[in-house]
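Reader: I'm new to this and the whole picture is a bit much for me. Could you pick one part and take me through it slowly, saying how it fits in with the rest?

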Amino acid sequence: MSEWDFYDEDDLEDGYMVFSNLSDFDINPSGSIPDDYVVDYSFTKISDREFLFKMYPGGQVPSSPQKMREREILITHEDSWLENSLKKKLTETIKAIP
């Protein structure tokens, strides 16, 4: 039996993604946000000052007949960064990948 060589050296346990100067926040379809896992995410620069963060989380949603759902979360913002569990800033700014 082979062992899975899972890289976790850069994992951020109990961390936070922080967004500031939001101009829009949208969840599709509306409802509670599943928090079991992230299927995909992206950052896109949409103007000189603003970025669009898209995240597709999935997991159990008790109010859903299927119990497992995915949502699309859209956050339009000017700045973002990562913090650890002690709320210490770990990155200066999260930017879109060119």
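Author: Let's start with the vocabulary. A strand here is a DSSP run of E with at least two residues, a helice is a run of H or I with at least four, and both are numbered from the N terminus. Also keep in mind that you're looking at a predicted model.

With those labels you can read the whole chain. The protein chain has zero helices and seven strands, so its elements, counted from the N terminus, go β-β-β-β-β-β-β. Of its 98 residues, 28% are buried. The accessible surface is about 7500 Å², and carbon and sulfur atoms hold 50% of that. Here's a hint for what comes next: if you take contacts between residues at least 6 apart in sequence, 57% of them join residues at least 24 apart.

Now for the close look. I've picked the loop between β1 and β2, where you'll find Asn21 and Leu22. Some background on backbone angles helps with Asn21. Most residues other than glycine have a negative phi. Asn21 isn't a glycine, yet its phi is positive, near 55°. Asn21 is partly exposed, because its relative accessible area is 49%, and the exposed class begins over 50%.

Next door is Leu22. Leu22 is partly exposed too, at 44% relative accessible area. What does Leu22 touch, leaving out residues up to four places away in sequence? Its partners are Ile75, Thr76 and His77. Take Ile75: along the sequence, Leu22 and Ile75 are 53 residues apart, but their C-alpha atoms are 7.1 Å apart in space.

Let's follow one of those partners, Thr76. Thr76 sits in strand β6, which covers residues 72-77. Is Thr76 buried or exposed? Thr76 is buried because its relative accessible area is 10%, and the cut-off for buried is under 20%. Leaving out residues up to four places away, the neighbours that Thr76 touches are Asn21, Leu22, Ser23, Asp24, Ile46, Glu50, Phe51 and Leu52. Notice that both of our loop residues, Asn21 and Leu22, are in that list.

Back to Leu22, seen from outside this time. Together with Phe25 and Ile33, Leu22 makes a nonpolar surface patch of about 280 Å². Phe25 belongs to strand β2, residues 24-28, and counts as partly exposed because its relative accessibility is 45%. So Leu22 has a share in a surface patch while also touching Thr76, which is buried at 10%.

How does that fit in with the rest? Strand β6 is followed by another spot worth finding. Which side chains meet in a salt bridge? They are those of Arg49 and Glu78, with 2.5 Å from N to O. This pair ties together distant parts of the chain: Arg49 is in the loop between β3 (37-45) and β4 (51-60), Glu78 is in the loop between β6 and β7, and 29 residues separate them. Arg49 counts as exposed because its relative accessibility is 55%, while Glu78 is partly exposed at 24%. As a general point, side chains of opposite charge can pair when their charged atoms come close. By the rule used here, the count is one salt bridge.

Last, look at the ends. Asp11 lies in the segment before β1 (16-20), and it forms a negative surface patch with Asp8, Glu9, Asp10, Glu13 and Asp14. Lys87 is in the segment after β7. Its phi is positive as well, near 65°, and Lys87 isn't a glycine either. Lys87 counts as exposed because its relative accessible area is 53%. Thr91 is also in the segment after β7 (79-83), and is partly exposed at 25%. Thr91 touches Trp81 and Leu82, with residues up to four places away left out. Thr91 and Ser80 are eleven residues apart in sequence, with 8.8 Å between their C-alpha atoms.

Technical notes:
Residues numbered from 1 in each chain as written. Predicted model: local features only at pLDDT ≥ 70, side-chain atom pairs only at ≥ 80, totals over all residues. Heavy atoms only, no water. Patch = residues over 30% accessible without salt bridge, like charges linked within 9 Å, V, L, I, M, F, W, Y side chains within 5 Å. Areas by Shrake-Rupley, 256 points an atom, 1.4 Å probe, with all protein chains shown as cover. Salt bridge = Lys/Arg side-chain N within 4 Å of Asp/Glu carboxyl O. Buried < 20%, exposed > 50% of the residue type's maximum accessible area, 1.4 Å probe, protein only. Contact = heavy atoms within 4.5 Å. Lys, Arg positive; Asp, Glu negative; His and termini not counted. Charge placed at Lys NZ, Arg CZ, Asp CG, Glu CD.
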